[in-house]
Amino acid sequence: MNTVASKEKSFIGKSIQRREDHRLLTGEGQYLDDMKFQNLHHVAFFRSPHAHAEIKDINIEYANQLDGVKAIFTGEDLYKANVDCLPLMSQVYSGVKERENPEVKPQFQRALAYERVRHVGEAIAAVVASSRAVAEDALDLIEVEYEKLNVVVDPKNALDKSSPLLFEEWGDNSAVSYTVQAGNVNQAIKNADYVLKESFKVNRQSGNPIETRGVLVNWDYRLNSLSMWSSTQMPHRLQKFISDCLHLPENQIHVIVPDVGGGFGPKALIYPEEIAMAYMAQTLKIPMKWVEDRLEHMMSTAHSRDQLHEIEVGVGRDGMILGLRDKFLLDTGAYNLYGINTSYNTASHLPGPYRIPSYECEAKVVATNKVPCSQYRGAGRPEAVYIMDRVIDLIARELNEDPAEIRYKNLIHAEEMPYDTGRLYKDGQPMIYDTGDYQDCFRKALEEIKYSEYKKLQPEYWHQGRYIGLGLSSYIEGTGQGPHEGCQIIIDSYGDIVCMLSTASQGQGHETTWAQICADHLGVNMDQVRVISGDTNIVQYGSGTYGSRSAVVGGSAISLAAKRVSDKAKKMASHLLKVSEQDLEIENGRVFVGEIPDRGYSYGELAQWLQPNKIPYGMDIEPGLKAEEYFLPETTTYSNGVHAAIVEVDIETGFFDILNYVVVHDAGKIINPVIADGQTLGGVAQGIGGTIYEEIVYDEKGQLLTGTYMDYLLPTASEIPNISSTHMESPSPRNPLGVKGLGESGAISPPACLSNAVEDALQPFQIKLNKLPLSPQYIWEMIHQREKN
Ligand code: MCN
């Protein structure tokens with residue numbers, strides 16, 4: 001691949017191999033655990049064995065006497081030191097506040113639990129020692145006296161008057177509640193020819209990046225400031241949280257994100273351990289490290305999904321949906337970390353790409369004695385799409401129609417774009433889909449999966465005793481929302497270009513795609529651009545890599561910063577060449593007079609002229625060929641897509657194989673198709689895992705039963721079929737690049753698509769699969785229950 005820019009050539013849109021991969025695949029990655037420090041100490045956390053208990057007493061005397069133990073901190077120490085509770089992650093934006101006025105209870109999560117523990121695995125104390133082994137040995141010597149409290153585990157009981165309360169201050173276990181409304185759903189259902197009522201359950205899942213969470217902290221005596229390396233998805237948010245909890249100025253906190261082995265959403269939260277580590281480093285002023293082990297990951301890193309839905313849908317005789325009412329419970333566990341965020345993603349995305357004139361969704365987020373439950377790739381959207389696309393199949397079944405027909409006729413038409421859904425997005429802005437041809441995308445997916453051919457063959461398969469089925473699912477995804485991300489570009493006198501971003505990468509290929517955008521906008525060779533990101537000292541403000549937003553928000557910030565740098569280069573060149581800036585062009589890293597290419601300067605030469613001692617006398621220009629710019633999207637961009645799968649079910653065992661999996665999606669202008677493919681395939685693989693294998697299970701006492709990979713099943717490569725991915729491109733007018741996000745999209749449709757496929761295969765048994773995961777046991781039981789009746 002030629003990586004030299006010219007007028008005709010653009011890097012954006014080309015399948016350029018990920019430049020970071022060689023480093024990462026040959027052991028040259030720099031992950032948190034690779035970092036070396038003199039006098040490095042190690043931390044282990046003492047965690048609650050109970051789901052709900054009062055802490056009566058903590059005895060650290062014996063643990064403190066162990067050789068190698070430097071210090072032990074308890075919740076009481078931090079409480080007395082005035083370390084504040086972690087703030088809520090997201091605010092309720094004004095539009096939503098005025099229209100839906102959600103009730104959001106305050107957040108009381110502490111860096112180390114004080115007086116009360118509310119889930120198994122909650123950190124109570126931290127040991128700082130010469131090695132992790134010593135720190136863990138010391139944990140065994142800590143004695144805690146508890147008074148056990150009643151627990152609430154089942155979200156269905158959480159709001160009962162008789163349920164124990166997690167926070168007396170709240171008065172009940174409702175963390176968040178609100179209703180999203182558009183149109184008159186009562187009337188729509190009254191007028192309908194058919195009314196469908198169904199319940200659905202979405203399983204609780206865990207994120208499971210290869211690299212677990214980790215934190216390394218050091219106190220810098222010279223700068224009198226704290227440095228923290230964290231595998232977080234949100235360096236600037238982490239900086240602000242530490243500042244808020246410890247009352248330490250933001251300028252005295254430097255957060256750096258090294259290479260990260262996956263985040264997938266759970267690392268887009270700020271955790272108690274990060275705050276505790278910051279406090280301990282500030283107190284002891286020595287470097288120390290904590291890397292979560294896998295059991296800790298399962299019992300202390302946020303879970304996700306875990307929703308129960310009750311829907312009522314009114315449908316006309318022609319199969320058109322007239323109104324849909326949904327009531328759902330999201331089990332947020334012991335602490336509601338992200339306010340309305342995940343539940344609102346579900347509530348606002350549920351109607352998806354379908355035209356639903358009347359819609360009402362009552363969301364209740366309830367607290368239980370489990371690990372906090374927040375976001376994981378898709379963050380509330382896979383749940384929404386699962387409900388909606390199951391509903392479409394169930395309507396088709398009720399009317400004895402083809403699900404593809406019902407889906408197609410209910411899809412929003414291209415001529416209706418921009419399409420106002422009548423709802424608000426969580427940013428408080430009207431939810432108006434920007435661009436996309438949903439029906440065309442759908443037709444393309446039917447073509448790719450050979451729908452008509454399959455339809456003809458299916459009866460024959462049944463005749464042969466084979467249970468083969470096809471499932472479809474169509475989604476939209478709100479991507480690229482604010483707040484700002486920033487980019488700073490600096491070109492030095494060698495012409496070396498550094499493109500610095502406020503976002504951090506966890507494996508999304510940012511080093512490559514940011515270089516593509518930067519090179520195109522500066523008119524340079526891509527290899528000249530070095531990309532640095534995830535460091536609060538290089539760009540002052542930023543939010544993080546989540547919500548498939550980095551390409552839209554960070555990418556656009558690059559284009560703005562590059563424009564300012566090239567404008568500045570032109571200004572300098574125009575002064576030196578004594579021509580107007582309008583007569584100058586930029587190509588291959590040179591600014592030159594359009595008609596006389598030999599008359600010009602390279603970026604490096606211009607950067608030399610922009611050094612403080614070289615700027616021509618009297619010229620009104622700041623030193624340095626550099627710029628820092630921030631981009632704030634006016635509102636969200638909406639990606640869309642269709643998944644189609646063919647499965648074969650073994651009715652003796654309940655297992656099923658995925659014979660074919662097709663994705664057709666539209667994320668606006670694609671920066672790098674091969675990276676977009678990788679993102680899609682990775683997302684689908686995680687979606688398949690969450691649909692078939694993965695489920696976090698608790699017993700009635702709130703004990704985690706799935707703390708290891710013997711109990712919590714993850715798919716391996718052999719369970720993932722070949723997945724084809726086709727891009728359609730409807731550029732968004734809402735950002736300078738025309739892009740929409742795609743990092744989560746692959747994970748959004750598999751639950752719906754595979755459930756529909758398995759149910760289709762099992763048509764002869766007339767069963768309904770309204771629960772996830774689609775484990776062999778569940779499928780087998782459903783078949784056999786049917787056979788018994
Ligand atoms: N891209 C593109 N063309 C577009 C949009 C995006 O080529 N039209 C490229 C981007 O330049 C970027 C990648 O695709 O390299 C993903 O971009 P984007 O959709 O903006 O998503 P983010 O970069 O913000 O990444 C977040 C998203 C989320 S929310 C989760 S969860 C997730 C995901 O990305 N976690 C991941 N993908 C992941 N991939 C890896 N390897 N590891 C994770 O933890």
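In the predicted model, strands β15 and β16 pair in the parallel sense, over 10 bridges. Strand β16 covers residues 358-367. The chain runs from β15 through helix α10, residues 341-349, before it reaches β16. This β-α-β crossover is right-handed. Within the parallel pair, D331 stands opposite V366 of β16.

Strand β15 also pairs with β14, here in the antiparallel sense. Strand β14 spans residues 303-315, and 9 bridges link the two strands. One of the bridges joins E312 to R325, the partner in β15. β14 and β15 form a hairpin, with 5 residues between the strands. In the turn, G319 has a positive phi of about 90 degrees. Strand β15 itself, residues 321-333, is mostly covered. Of its 13 residues, 11 are buried.

The domain assignment gives two domains, each made of two segments of the chain. Domain 1 combines residues 21-30 with 482-631. Domain 2 combines residues 303-481 with 634-788. The C-alpha centres of domain 1 and domain 2 are 39 Å apart. Each side brings 21 residues to the contact. The area buried between the two domains is about 1,500 Å². Carbon and sulfur atoms give 61% of that area. On the domain 1 side, G547, S548 and V552 supply 34% of the area buried against domain 2. No other three residues of domain 1 supply as much.

A separate annotation comes from UniProt. An unreviewed entry places the feature "domain: Aldehyde oxidase/xanthine dehydrogenase a/b hammerhead" at residues 26-150. In the model, the end C-alpha atoms of residues 26-150 lie 51 Å apart. The span is 22% helix and 30% strand.

E20 lies in the segment before α1, which covers residues 21-25. E20 counts as buried because its relative accessibility is 4%, below the 20% cut-off. Beyond neighbours within four places in sequence, E20 is in contact with G509, H510, E511 and T512. A573 lies 553 residues away from E20 along the chain. The C-alpha atoms of E20 and A573 are separated by 34 Å.

Key:
Residues are numbered from 1 along each chain as its sequence is written. This is a predicted model: local features need pLDDT of at least 70, side-chain atom pairs count only at pLDDT 80 or more; totals for chains, interfaces and linings use all residues. Side-chain values use heavy atoms; hydrogens and water are left out. Buried means under 20% relative accessible area, exposed over 50%, partly exposed in between (1.4 Å probe, protein chains only). Helices (H or I, at least four residues) and strands (E, at least two) are DSSP runs, numbered from the N terminus. Two strands pair if DSSP finds at least two bridges between them. A crossover is right-handed if, with the strands pointing away from the viewer, the path from the first strand over the helix to the second runs clockwise. UniProt positions are given in the numbering used here, feature names are shortened, and annotations may be inferred rather than shown by experiment. Domain bounds come from an automatic or database domain assignment. Contact means heavy atoms within 4.5 Å. Buried area is the accessible area (1.4 Å probe) that two parts lose on being put together, summed over both.
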